[in-house]
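Work through the exercises below with the model open. Each task is followed by a solution in steps.

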Amino acid sequence: MVYLWTLGVLSGIQRATTAATVSQWYFHRLTVPAPTSREVINAAFNHATTTLFGTICLSTLLALAIRLPYLILPRRLFALAGLCSYTILPSAIATLTNPLTLTYSAIHSQPLTASSRALARLSFLAPSDKHPHSAQFNARNTPSQTPLHSYTLSLLLLRATRFITSLALGFGG
C-alpha cells in the first residue's frame with residue numbers, strides 16, 4: 001500500500017511540475033526578461049514539493065482509498081462492488097480523485113477542494129450538434145474536418161511530457 005501511494009505521490013509531483021511549467025509558458029511566455037528553462041522547471045518543482053505537496057498527498061491518498069477495494073477483491077466480488085460503487089460514490093469524491101483536479105490545482109495554486117469545485121463548474125469541450133463550430137468526429141479523421149480541441153491537445157502534451165521524463169529518468173539514472 002505504501003508503495004502504491006509513493007508511486008502516486010511521485011506521479012502527482014510530476015503532474016504538478018509539468019502543469020506549472022506548461023502554464024508558465026502559456027501565460028507568461030512574453031514577459032521581459034524571460035526566465036531560463038532551468039529556472040522555470042526548478043520553480044515548478046519547488047512549488048510542487050513545498051506548497052502543493054499536501055494537496056498531492058491528499059489527492060493520491062483519496063484515489064488509492066477509493067481504488068483499494070478494486071485491487072484487493074476477487075473478480076466476482078469486484079463486479080458486484082463495481083455495480084454498487086458507481087451509484088453510491090458521490091460525484092464530489094469522484095471529482096476530487098480526477099487527475100485534472102490536481103492539474104488545475106497546480107496551475108492556479110489552489111487547495112484540492114477549491115480546485116475540484118472549479119473543475120466541476122468547467123464545461124469541457126465536446127463535439128456536439130448544438131454548436132455549429134464544433135468538430136464532427138467520424139470514421140474518416142481528416143485534418144480539415146476534425147481539428148484537435150485544446151483540451152485534447154493539452155492532455156496529449158501532458159502525457160507526452162510525462163512519458164519523455166520517465167524515459168529520460170529510466171535511461172539517465
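**Exercise 1. State how much surface the chain exposes and which atoms supply most of it.**

Solution. The chain exposes about 12,300 Å², an accessible area from the Shrake-Rupley method with a 1.4 Å probe, where for residues only the protein chains shown count as cover. Carbon and sulfur atoms supply 67% of this area. This is a predicted model, in which local features need pLDDT of at least 70 and side-chain atom pairs count only at pLDDT 80 or more, while totals for chains, interfaces and linings use all residues. Residues are numbered from 1 along each chain as its sequence is written, and side-chain values use heavy atoms, with hydrogens and water left out.

**Exercise 2. Find the nonpolar surface patch and the helices that supply it.**

Solution. Start with the members: Met 1, Tyr 3, Leu 4, Leu 7, Leu 10, Leu 71 and Ile 72 make a patch of about 750 Å². Patch residues have over 30% relative accessible area and no salt bridge (a side-chain nitrogen of Lys or Arg within 4 Å of a carboxyl oxygen of Asp or Glu); nonpolar side chains (Val, Leu, Ile, Met, Phe, Trp, Tyr) are joined within 5 Å, and like charges within 9 Å.

Next, assign the helices (DSSP runs of H or I, at least four residues, numbered from the N terminus). α1 (2-28) and α3 (53-72) each supply at least two residues, and α1 has the largest share, four.

**Exercise 3. Is Leu 71 buried or exposed, and why?**

Solution. Leu 71 lies in helix α3. Leu 71 counts as exposed because its relative accessibility is 52%; the classes are buried under 20%, exposed over 50% and partly exposed in between, with a 1.4 Å probe and protein chains only.

**Exercise 4. List the largest nonpolar core and trace the helices behind it.**

Solution. A nonpolar core is a set of buried Ala, Val, Leu, Ile, Met, Phe, Trp, Tyr and Cys residues joined through side-chain atoms within 4.5 Å. The largest one has 10 residues: Val 9, Ile 13, Ala 16, Ala 19, Ala 48, Leu 52, Ile 56, Cys 57, Leu 102 and Ala 106. α1, α3 and α6 (99-108) give two or more residues each, and α1 gives the most, four.

Then take Ala 48: beyond its neighbours within four places in sequence, Ala 48 has contacts (heavy atoms within 4.5 Å) with Ile 13, Ala 16, Thr 17, Phe 53 and Ile 56.

**Exercise 5. Which helix has the lowest confidence, and which the highest?**

Solution. Confidence is given as pLDDT, the predictor's value for each residue from 0 to 100. Helix α4 (residues 75-88) is lowest, at a mean of 65, and helix α2 (residues 37-49) is highest, at 92. The chain mean is 77.
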